[in-house]
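Q: I am new to this structure and should be grateful for a close look at a single part of it. Please begin with one loop and then set it in its surroundings.

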Amino acid sequence: MDVTHPDAEYRAFLAEGRFMIQRSRGTGAFVFYPRAVAPGTGARDLEWVEASGRGVVYSTTVVRKKPPEPSYNVALIDLDEGVRMMSRVEGLDPTAVTIGMTVRARIIDQEGEPVVVFDPVEDGQ
């Protein structure tokens, strides 16, 4: 019997440079974090689909490090697909990240592991 491991599949997609999330075939509802069954319904009809990568900062905080290590932000991002994920916003001072900021995902290598981070989006992009 082939057992699926959604988290391993998610990381494998990231390693390929693809930001994928799950969607229920029956309801069309998106799911994140990766799961074997849909929350609420228990449906096992989840499929992998390409995420738009667009989102909005729902919440943010700054993790202050002892110098010389740089501080960084931790943010909850509401993706356009209607799911929320924890990540960080890069490309600006961590204190400049604001709730409601429009962001776009990209995949980076962090200590040998691919992870999703976000960059601020200028108006009109």
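**A loop and the sheets around it**

A: The side chains of E90 and R88 are joined by a polar contact of 2.9 Å. A polar contact is a pair of N or O atoms within 3.5 Å; within protein, one atom must be able to donate a hydrogen and the other to accept it, and residues adjacent in sequence count only if both are side-chain atoms. The model is predicted: local features need pLDDT of at least 70 and side-chain atom pairs count only at pLDDT 80 or more, while totals for chains, interfaces and linings use all residues. Residues are numbered from 1 along each chain as its sequence is written, and side-chain values use heavy atoms, with hydrogens and water left out.

E90 lies in the loop between strand 6 (84-87) and strand 7 (102-110). Helices (H or I, at least four residues) and strands (E, at least two) are DSSP runs, numbered from the N terminus. Apart from its neighbours within four places in sequence, E90 is in contact with R106, I108, V117, F118, D119 and P120; contact means heavy atoms within 4.5 Å.

The strands on either side of this loop belong to an open sheet of five strands, in the order 6-5-4-7-8 with antiparallel pairing. Two strands pair if DSSP finds at least two bridges between them. Strand 6 and strand 8 (113-120) are the edge strands, each pairing on one side only. From one strand to the next, the twist averages 35 degrees. Axes are lines fitted to C-alpha atoms, for helices over the stretch in contact, and angles run from 0 to 180 degrees between N-to-C directions. Within the sheet, strand 4 (residues 54-63) and strand 7 pair in the antiparallel sense over three bridges, and V56 stands opposite T102 in strand 7. The charged end of R84 sits over the ring of Y58, 3.4 Å from its centre; this requires NZ of Lys or CZ of Arg within 6 Å of the ring centre and within 35 degrees of the ring normal.

Helix 1 lies across strand 6, strand 7 and strand 8, running at about 70 degrees to strand 8. There is also an open sheet of three strands, with the order 2-1-3 and antiparallel pairing. Its edge strands are strand 2 and strand 3 (46-50). Helix 1 (residues 6-15) packs on this sheet, touching strand 1 and strand 3, and its direction makes about 15 degrees with that of strand 3.

The structure holds two aromatic pairs. Rings of Phe, Tyr and Trp (its six-membered ring) pair if their centres lie within 6.5 Å; planes under 30 degrees apart count as stacked, over 60 as edge-to-face and the rest as tilted. The rings of Y10 and F32 have centres 5.5 Å apart and planes at 70 degrees, so this pair is edge-to-face. Y10 is in helix 1 and F32 is in the loop between strand 2 and strand 3, 22 residues apart. Both Y10 and F32 are buried, whereas R25 is exposed, with a relative accessible area of 54%. Buried means under 20% relative accessible area, exposed over 50%, and partly exposed in between (1.4 Å probe, protein chains only). R25 is found in the loop between strand 1 (20-24) and strand 2 (30-31).
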